[in-house]
Each structure stands twice: as structure tokens, then as C-alpha cells.
Amino acid sequence: MGHSDGEHQLEGDDLSADDASWSDGVWSEDDDEGSLSFEGSGSGSGSDADSDEAAAAAEESDSSEDEVAPRNTVGDVPLEWYKEEEHIGYDIDGRKIKKRDREGRIEAYLKNADDAKNWRKIYDEYNDEEVQITKEEAKIISRLLKGKTPHGNVDPYPDYVDWFEYEDKGHPLSSAPEPKRRFVPSKWEQKKVVKLVRAIRNGWIKFDKPKEENNLYLLWGDETDTAENKRHGLSYIPAPKPNLPGHEESYNPSVEFIPTQEEIDSYQLMYEEDRPKFIPKRFECLRSVPAYEKALREGFDRCLDLYLCPRTRKKRINIDPESLKPKLPSKKDLRPYPKTCYLEFKGHMGPVTSISVEITGQWLASGSCDGTIRVWEVETGRCVKVWNVGGDVRRIAWNPLPERPILAAIVGHDLLLINAEVGSEEVQMRAKELLKIDEMAPQDDTDGKKPAVRWMKHEKLDGITLIHHKAVSNVEWHFKGDYFTTVVPSGDTRAVLLHQLTKKHSHHPFRKLPGLPVAATFHPTQKMFFVATKKFVQVYDLQKAQLVKKLESGLREISSISIHPGGDNVIVGSKDGKLCWFDTDLSTRPYKALKIHSKDITNVTFHRKYPLFASSSEDCTAYVCHGMVYSDLNQNPLIVPLEILRGHSSSDGRGVLDCKFHPKQPWLFTAGADSVIRLYCD
């Protein structure tokens, strides 16, 4: 804090008249006091004058008349409350104190370099102004920082004054060892205690009994919270009190309370329980009022009510019903999600049973009961290709690889593989080579039994037909595009089959299934396989060929299944309108069960990129929900219902038959029994 003489010589030229006393000397370290002091350039009398001034300032510091009232009058209100406001409080006249613009660090540094007195300025945050400390205040602050008394004329170590006279006061302390009696229990105190105990036991010493308080109580008061009831633990319930009399019970009521003769006659035509209990009458004075004729009867009935009426205490918990609802985020924060019908694909003549979206999102394939398979352009809704397959198309699935535009469709009882004829010529040539088959060979090692699947060439559509021993109900592709699975709802070992497209080979991986399979699908990233029966979902490890988990749904009958892109969460739909969410890392039982549809759920699906999942039902609706899965295993998934999509009409008691998400956009395609495909966007 010290400065050179040259600096303070320049500083003295800039001082005002009020700061003239500062120009007479310089700051220096006082060796005796160890604090900052103001030394005069003249004789030593200046220090005595300064000490006198400090003493005078100390004497006047206790006076409240010299204190300046703060400019801000907000009191003890925290200044953080004004953090976002343009003002910091109000002055004594009630006007807002505007915040001034705070200067940056560079401006403060330059200002400090130009002005040598700037170090004496401090910022008052309460009043939003700069205050310049005086010489005496600077000395006090310096002494306080060094742990000394605020004023220099205070002696922190005064001489000790002994106010008492005693012998050997020259040596008040003794170095003699402590006597033994100070460490041994007193025998005299022990004898005294034994004597008092013997006197209490023999009754020689009697204690004063507490005075009995008079049992006073309020005669007409409420005894619900009396100390006696609380002491005995009684659940006392006060009897209900009768209503106080009103104006009509007065002996001299107003005219409007007195009924006319017609009203009195009308009372006789009423039921007894509907008649008024009391009919007002008017008397000249109180002495003319007769005795109440039903006083004895009503008193007796009142006693019976108090004696025979059963009363129980019901503890009511004051809970706000809104607090019991789960706190869900706003729908605006969960956008985007499909909610508006943007496009309709019309062309089928029968119910559209299944749809599938190509992996790039440019093409949409659909199958219908009219015996046709159509390929649509998503952006324009234009039908690009139509195949007449000659049978009901119950399921359709697009190969997940963009360089393999191959459609797998369940037509009648068998599975059909055809070239979608989209993309470049090179891509189409590769697809045609994959669908070439020269001769039929046994596809299953069945030890002389009939093969489960026969691969045959479809001459008309230039594709492959997989003939199964029974009707196929479901088909799903592996994410690498070479393998696919089919489900035949039967109880034998060939109910679930795996097929390889490149080798034209099929086999059944399971020797025994615990129930009738409904659907099967692959894990999105691992070598896991999910098989859904009517009651359970079984998870198999294809590499180890063993059962890993068995999910218990608790549903009447499972109808569809979908796997989250992360692979750890599964949703299943049932034929009783319930949707179950499974967290396979958490439990084998459903994490959430949603009763959202009134009829059978036809399909459930997850979005590949967005935290969305949807379900379609026979009740002509499709539900879109937000399903966020967190990477933190300690945080449960967040499930929020978002939108109910309507628009399809019912046909033969059937509604929405299938739903699929766009692979890249938050769009949802729905296929209905009204032969219309709808595209819903945000």
C-alpha cells in the first residue's frame, strides 16, 4: 500500500480542498505500531495532533446523529431478489434506484493507473455507489487487518491492578504438591448421606405432598381436546349440536315469516317428513307464549340419538389430489412427435393388413386383402409399383439393407420374396442375383421326415416362395439383412424357423417351446433372439443356444412385440387392449402396464432415433407415447402419453391394422381396414 515520494508529490496537485490534509504527508509503515500511519513532513507534533483527532473521532463514533442514512430503503431484503431487475431498491421518496453500468476490468485497471487515489475507493453494493474512505477509516481498517485494536491510543496490555491484600502477596502461587484429601472422597459427606437415607426410610423426614388442583372445566365448552381425554387416550367425539333458532322461532317474528292459512292447509297435503317442523306464530308479549308441547318428546329423542347413534372417528389425511399425480413434462418440451394427418395413400381395394418402410425412408410397401402389394413414394404419395400376388397379404417386411431392395411378404400360407425394383440398376441386378434359385433341395435335417420349408422359384414374379408345412403368421429380418425368421403358430418344434437368404437354407433352432409362439424378432445389436408366446416373452442367446431370460407379461394373450433400439427395453401389446413395457435389466415383470385401448392391439413399434413408441388397435385409434431410456442405470425410463391419432373408419369391426415409424423423421404410418394408409407428422 506504500507509494514513493514522487508519486505522492503528483498526487498532491490533484487533491481538492477537502483532501488538503492528505497532501501534507505520505503513507508509511510504522515500526512501533506495525500499521499504516500518516507521517507529517514537518516536526513530530503532527503525530500528536493525529492521535488527538483519532481520539476525538472515537468519542464521536458513538453518536447516531452523524450517521448518514442509507440511500436504499429496502431493509433486510436480499439484493439477489433484484438480480434480474433494472433497479436495486427504492429511495426514501419511493423512487426506484436504477442500476448504474458497471465498468469492466480493463477500464477499472486504467482508472486505477491514472488515479493514485483510486485505491481508497470501495464499492457499496447496497446503495450501488462508490465510497471514498477517509484517513482515519484507512487507519482503522489497517489495524483491524493486523489484529489490533481499531484506535491507536488504546493500550491492549494494561498493567494489572491487584485490588486485594493478603499475606505473601509477593508469591501468590505455590509449587507445593496437591494434598491427598483432594483426590479421596470425603468421609464426612458419605456419613451425612447415609444418615439422610436412613431418616427417609424410617419416615423421620417427610416430603410435602403436591397440592391437588381443583378439577375445573368449561360447562358449555368443547371437550374434544381436554387434557383428561388425552391422558386416558380416549377417542372422544362430541355429539352434533342442534342448530340455533332463527327469526322464525321468535315469539314476535316479522310478517314475512308467518305463513298464511292457505300455506298451512297445503302443509297437510305434504308427506310427514317433508312438512316443516315448526310453524311460526305471533304473540303480543313473552308472557303469552305457552309451553312447548313437544319439549319432553324431543328431549327424549335427543337422548336416544346421543346414546344409540354409532359414531366412529375417521382420520382424514389432508393431501392435495394434484400432488398424487406424477409430474410429467409438458408436451411442448417433448416435441417433435406425430399429431396431424399430412398425407393419405389410397389405391387398395381391401383392408391394408401390413406396411413396411424402406430403411432410407423414401419408399413405403403395403400389403392388402385385395391380393396386391404396392410400393409408394413417401414424399408424394405416388404408387410406383403394384404386384398382384393372388392371395391375401397378411404381413410384409422390407430388407433393412439399402443395397438389397427385397420384400418378404406372407401371402396365403407361404412366404414370398420379391425384388422391389427400386434404386439404381446395379442394386436391382444384385437383388435379382440373390433371388435366383436353380434347383430345389431339402432345407432341413429332419432324418427322413418331410422338410419344414421348401425353397421354390416363383416364375410369375421372378422371386422365391418358401413353402411351409403350416400357415405363416409373422416374418422379421435380421439387422444385417441376410437372415430372417418366420413364425408358424403351432405346437411342434418347427414353429419358429430361421432362414439365410444367401445360402437359401432354413433350420429350426429350438427343440421345444413352452407355448404357442405368436411373434419372433431379433435383437437390434446383439446375437439375441426374442420369442413371444401367448403369456411369456423368452430371450435366447443364439450363439450359446440357451435361454437367457423369461419375461412374464401377465396378459391374456400377447399379439405383438417390439424391441427398443438400445436392446434393453421391450414393449408388448395384447388382445385385451393393454401395453406392457419391460426393462430387462430391472426385472422380468412389466415396468409399466398401460390400459390405453378398448379393443385388441394389432401392432406396437419403437422409433429408431427419437424417444417415441406407438400402438395401433382395432378401436380405430393409434396412440403415440414418449419413451425416454436413460444411459444412467439408476434412472427409470420416462413414459408419457402424447397423442391419440384418429381418422380411420371401422370396417367389419376392424380398425387400425398396422403402424410403422419413419426411420429418420418423427412420422407415423398407419394402415386401416378402410383401405387407406395415413401419414401423421408433427
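A charge sits over a ring if NZ of Lys or CZ of Arg is within 6 Å of the ring centre and within 35 degrees of the ring normal.

**Figure 1. Two lysines sit over aromatic rings in this predicted model.** K592 lies over the face of Y591. The distance to the ring centre is 5.6 Å. K550 places its charged end over the ring of F536. Here the distance to the centre is 4.3 Å.

**Figure 2. An open sheet is built from four strands.** The strand order is β7-β35-β34-β33. Pairing is antiparallel. The edges are β7 (340–346) and β33 (656–661). Each edge strand has a single partner, so one side of each is left without a neighbour in the sheet. From one strand to the next, the twist averages 20°. Strand β35 (residues 676–681) is joined to β7 by six bridges. These two strands run antiparallel. F345 has I677 of β35 as its bridge partner.

**Figure 3. A salt bridge links R678 and E344.** The closest N and O atoms are 2.9 Å apart. R678 belongs to strand β35 and E344 to strand β7, so the pair ties together parts that are 334 residues apart in sequence. R678 is buried, at 13% relative accessible area. E344 is partly exposed, at 32%. Across the structure there are 21 salt bridges.

**Figure 4. C341 has no bonded partner.** The closest cysteine sulfur belongs to C681. That sulfur is 8.5 Å from the sulfur of C341, too far for a bond. A disulfide needs the two sulfur atoms within 2.5 Å. C341 is partly exposed, with 30% relative accessible area. C285 also counts as partly exposed, at 26% relative accessibility. The structure as a whole holds zero disulfides.

**Figure 5. R382 meets E377 in a salt bridge.** The N to O distance is 2.9 Å. R382 is partly exposed, with a relative accessible area of 47%. E377 is buried, with a relative accessible area of 15%.

**Figure 6. K575 and E557 bridge two loops.** Their salt bridge has its closest N and O atoms 3.4 Å apart. K575 lies in the loop between β26 (569–574) and β27 (578–583). E557 lies in the loop between β24 (546–552) and β25 (558–563). The two residues are 18 residues apart, and the pair links distant parts of the chain. K575 is partly exposed, at 32% relative accessible area. Elsewhere, D91, D93 and R95 form one network through salt bridges that share partners.

**Figure 7. F510 and Y540 form a tilted aromatic pair.** The structure contains ten aromatic pairs. In the pair of F510 and Y540, the ring centres are 4.4 Å apart. The planes meet at 45°. F510 lies in the loop between β20 (505–507) and β21 (517–522), and Y540 in strand β23 (residues 536–541), so the pair ties together parts that are 30 residues apart in sequence. F510 is buried, at 7% relative accessibility. Y540 is buried too, at 9%.

**Figure 8. Four aromatic residues form a cluster.** The members are F510, F522, F529 and Y540. Ring pairs link them.

Conventions:
Residues are numbered from 1 along each chain as its sequence is written. This is a predicted model: local features need pLDDT of at least 70, side-chain atom pairs count only at pLDDT 80 or more; totals for chains, interfaces and linings use all residues. Side-chain values use heavy atoms; hydrogens and water are left out. Buried means under 20% relative accessible area, exposed over 50%, partly exposed in between (1.4 Å probe, protein chains only). Two strands pair if DSSP finds at least two bridges between them. Axes are lines fitted to C-alpha atoms, for helices over the stretch in contact, and angles run from 0 to 180 degrees between N-to-C directions. A salt bridge is a side-chain nitrogen of Lys or Arg within 4 Å of a carboxyl oxygen of Asp or Glu. Rings of Phe, Tyr and Trp (its six-membered ring) pair if their centres lie within 6.5 Å; planes under 30 degrees apart count as stacked, over 60 as edge-to-face and the rest as tilted.
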